[in-house]
Number of protein chains: 2
Amino acid sequence: MELAEAKLKFIEAWGKLGSEWGINRTMAQVHALLLVSPEALTTEEVMAELSISRGNANMTLRDLIDWGLVEKQHKTGERKEFFFAEKDTWVIARKVAEERKKRELDPVLKILGQLTEIEGDEKDPAFKTFKTSVTDINKLAKNVNKTLDTMLKAEESWFFGSIFKIFK
Amino acid sequence: MELAEAKLKFIEAWGKLGSEWGINRTMAQVHALLLVSPEALTTEEVMAELSISRGNANMTLRDLIDWGLVEKQHKTGERKEFFFAEKDTWVIARKVAEERKKRELDPVLKILGQLTEIEGDEKDPAFKTFKTSVTDINKLAKNVNKTLDTMLKAEESWFFGSIFKIFK
DNA sequence: TTAAACTTTCAAAAATAAATGAAAATAATT
DNA sequence: AATTATTTTCATTTATTTTTGAAAGTTTAA
């Protein structure tokens, strides 16, 4: 297999994985493209490589910047903007975890917290089942939350070096 | 807040979270409904509670059964089928992890494995960047995979008792 | 065996999400 | 300050996903 083919396969696989996890396929593909590019790319280049429109490329790149996965670069003498991706997988994993925690877990935790406080007739099976299920899910969510918090503070070496040795 | 309202909020929140993670909103809602129901429900009841069509209810329930999150129940003297959800959050978390690993992580690992074997000119920056990025992502994916394998084998008490204490 | 009760299927419709592209806005250059 | 290069916006179009509902299929029981 040659590089060009491998690159396409990688972009395709990354896009598919992204879409299965609620991330826009094109966004994951642009990310993949930048990940394997040694140089920062222009919007034009992204458009050409992935055959997408200017508007799509522009919005997708902005989203990636919002996620903290891509940065703008200005080259002296050049008027165009260049884009490059953070390449450290540990940093990528942390940024994605951080962003999804903030956008999705935190709001759910807030609602679960409210729902666990509901009061009612302990004799009523409907009430009891509701309370038990919600309380249990809340517990799990809090554990996930705590784990993510710790991970976000952790050092790469600690993460790769220690955590995974616990699981063996 | 009363039970009926809380139930709706829970179903809505669970549906939203599901859709943000690539799980059909209705499927997450049906799951939420069964989670908080003390008794197994019929297709009719699911249809009525969530205002969805028969076809939708039927397919969604089948999907939930495929995921191992819901089971059919037959009541003696009753002709209809009843559906109830696994309520142990640890079991739910494991089943979801197991299923998504099988459906999404395993295929990606296979592709990444192939891509890391590509050979080329080490002097070429395009080649070097590709190789480095793919190798790093492969490493991360393998670590995630190993962690999930361990989790799937683990006992609840071990998981809740030990793991989360490491992160504190 | 046949009629009623219930479940499954799937083509078509509806809803939702994503992409386009031309126009507007902004920024740099002459 | 006018021209040109570049980026951003967003109404519209296109693609994808989800839902519907009626028909076909299956099971049970009289």
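**Exercise 1. Count the salt bridges between domain 1 of chain A and domain 2 of chain A, then describe their contact.**

Solution.
- The count between domain 1 of chain A and domain 2 of chain A is zero salt bridges. A salt bridge is a side-chain nitrogen of Lys or Arg within 4 Å of a carboxyl oxygen of Asp or Glu.
- This is a predicted model: local features need pLDDT of at least 70, side-chain atom pairs count only at pLDDT 80 or more, and totals for chains, interfaces and linings use all residues. Side-chain values use heavy atoms, without hydrogens and water; residues are numbered from 1 along each chain as its sequence is written, and chains are lettered from A and ligands numbered from 1 in the order in which they are written.
- Domain 1 covers 3-85 and domain 2 covers 89-166. These bounds come from an automatic or database domain assignment.
- Their centres, over C-alpha atoms, are 31 Å apart.
- Eight residues of domain 1 of chain A contact six of domain 2 of chain A (heavy atoms within 4.5 Å).
- About 660 Å² is buried between these domains, 62% of it from carbon and sulfur atoms. Buried area is the accessible area (1.4 Å probe) that two parts lose on being put together, summed over both.
- W67(A), G68(A) and L69(A) supply 65% of the area that domain 1 of chain A buries against domain 2 of chain A.

**Exercise 2. Characterise the interface of chain B and chain A.**

Solution.
- 50 residues of chain B touch 50 residues of chain A.
- The two chains bury about 4,800 Å² between them, with 78% on carbon and sulfur atoms.
- The rule finds zero salt bridges across this interface.
- Six residue pairs are in polar contact, both at pLDDT 80 or more. A polar contact is a pair of N or O atoms within 3.5 Å; within protein, one must be able to donate a hydrogen and the other to accept it, and residues adjacent in sequence count only if both atoms are side-chain atoms.
- On the side of chain B that touches chain A, α6(B) gives the largest share, 14 residues. Helices are DSSP runs (H or I, at least four residues), numbered from the N terminus.

**Exercise 3. Which protein atoms lie by phosphate oxygens of DNA strand C?**

Solution.
- 17 residues surround DNA strand C (a heavy atom within 4 Å).
- A polar backbone atom of S53(A) is 2.7 Å from a phosphate oxygen.
- Polar side-chain atoms follow: N56(A) at 3.3 Å and R62(B) at 2.3 Å.
- α4(B) gives the most to this surface, five residues.

Notes. Helix = DSSP H or I, 4+ residues; strand = E, 2+ residues; numbered from the N terminus.
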